[in-house]
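Please open the model in your viewer and set it up so that single residues can be selected and shown with their side chains. The tour goes first to a pocket and then to pairs of charged side chains.

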Amino acid sequence: MAGRIQIIRGDITKQKVDAIVNAANCSLLGGGGVDGAIHRAAGPELLAECRGLNGCETGKAKITKGYKLPAKYVIHTPGPVWHGGSRGEAELLRSCYRSCLELAAEYGCKTVDFPSISTGVYHFPLEKASVIAIDAIAAFLAEHKEIQRVRMVCFDERTAGFYETALAGCGVET
């Protein structure tokens with residue numbers, strides 16, 4: 001499994017892969033954090049394409065071209081805002097990862113890079129989010145051999161540590 005799921009530290013806007021995932025808001029029109037960085041790096045064409053998508057529901061995903069990014073595609077997914085865990089946040093987050101990977105497979109992507117969805121301004125606890133992410137990715141990869149590698153691209157060591165722990169404890173064989 002370690003070969004197909006990897007944890008790295010880096011800047012998601014610099015990854016040369018088939019698709020990167022954008023931790024978007026529901027408007028898909030850019031924002032702060034990863035979302036803003038991806039929009040800035042991709043150029044104004046990304047925003048223009050996103051305007052035509054009419055937003056996206058939390059837990060779902062939509063795909064665009066990568067434009068000036070080294071990635072061929074950007075898969076946009078609005079993650080859930082953390083409200084204490086009683087509003088279906090865990091299942092919505094799991095759905096983000098699953099929806100992104102379904103789109104990636106549909107578009108023939110072999111490599112996909114994710115940021116840590118919902119753990120920034122949406123305040124999803126990193127310890128919980130990392131386990132949900134790794135479990136969702138591993139479960140998808142177990143049934144979909146066409147995606148060769150998924151990486152969690154972590155902005156800092158603390159985030160990477162949580163994902164490494166989650167990957168080490170993951171019981172799903174891919």
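In what follows, Ala, Val, Leu, Ile, Met, Phe, Trp, Tyr, Cys and Pro count as nonpolar, Asp, Glu, Lys and Arg count as charged, and the others, Gly among them, count as polar. Keep in mind throughout that this is a predicted model.

**The largest pocket**

Begin by selecting Ala23, Gly33, Val34, Ser116 and Gly120, which, of the 29 residues that line the largest pocket, lie nearest its centre. The space in this pocket comes to about 610 Å³. To see which elements give two or more residues to the lining, colour β2 (19-24), α1 (33-42), β6 (149-154) and α5 (157-169). Among these, α1 deserves a separate selection, since the largest share of the lining, four residues, comes from this helix. If you then colour the lining by residue class, you should find 13 nonpolar residues, 12 polar residues and four charged ones.

**The salt bridges**

Side chains of opposite charge can pair when their charged atoms come close. How many salt bridges does a search of the whole structure find? The search finds five, and the next selections visit some of them.

Select arginine 9 and glutamate 157, whose side chains meet in a salt bridge with an N to O distance of 3.4 Å. This pair links distant parts of the chain, with arginine 9 in strand β1 (residues 5-9) and glutamate 157 in helix α5, 148 residues apart. With a relative accessible area of 53%, glutamate 157 is exposed, because exposed here means over 50%.

Move next to aspartate 113 and arginine 151, which form a salt bridge whose closest N and O atoms are 2.8 Å apart. Here too distant parts of the chain are linked, aspartate 113 lying in strand β5 (residues 111-114) and arginine 151 in strand β6, 38 residues apart. Are these two partners buried or exposed? Aspartate 113 has 0% relative accessibility and arginine 151 has 12%, so both count as buried, the cut-off being under 20%.

Finish with glutamate 91 and arginine 98, whose side chains meet in a salt bridge at 3.1 Å, N to O. Glutamate 91 is partly exposed, with a relative accessible area of 43%, and arginine 98 is also partly exposed, at 32%. Add Arg94 to the selection, and you have the network in which salt bridges that share partners join Glu91, Arg94 and Arg98.

Conventions: Residues numbered from 1 in each chain as written. Predicted model: local features only at pLDDT ≥ 70, side-chain atom pairs only at ≥ 80, totals over all residues. Heavy atoms only, no water. 1 Å grid on protein atoms, 1.4 Å probe; cavity = no way out; pocket = protein on both sides within 12 Å on 5 of 7 lines; lining within 4 Å. Points joined across faces, edges and corners; volume = space filled by probe spheres on them. Salt bridge = Lys/Arg side-chain N within 4 Å of Asp/Glu carboxyl O. Buried < 20%, exposed > 50% of the residue type's maximum accessible area, 1.4 Å probe, protein only.
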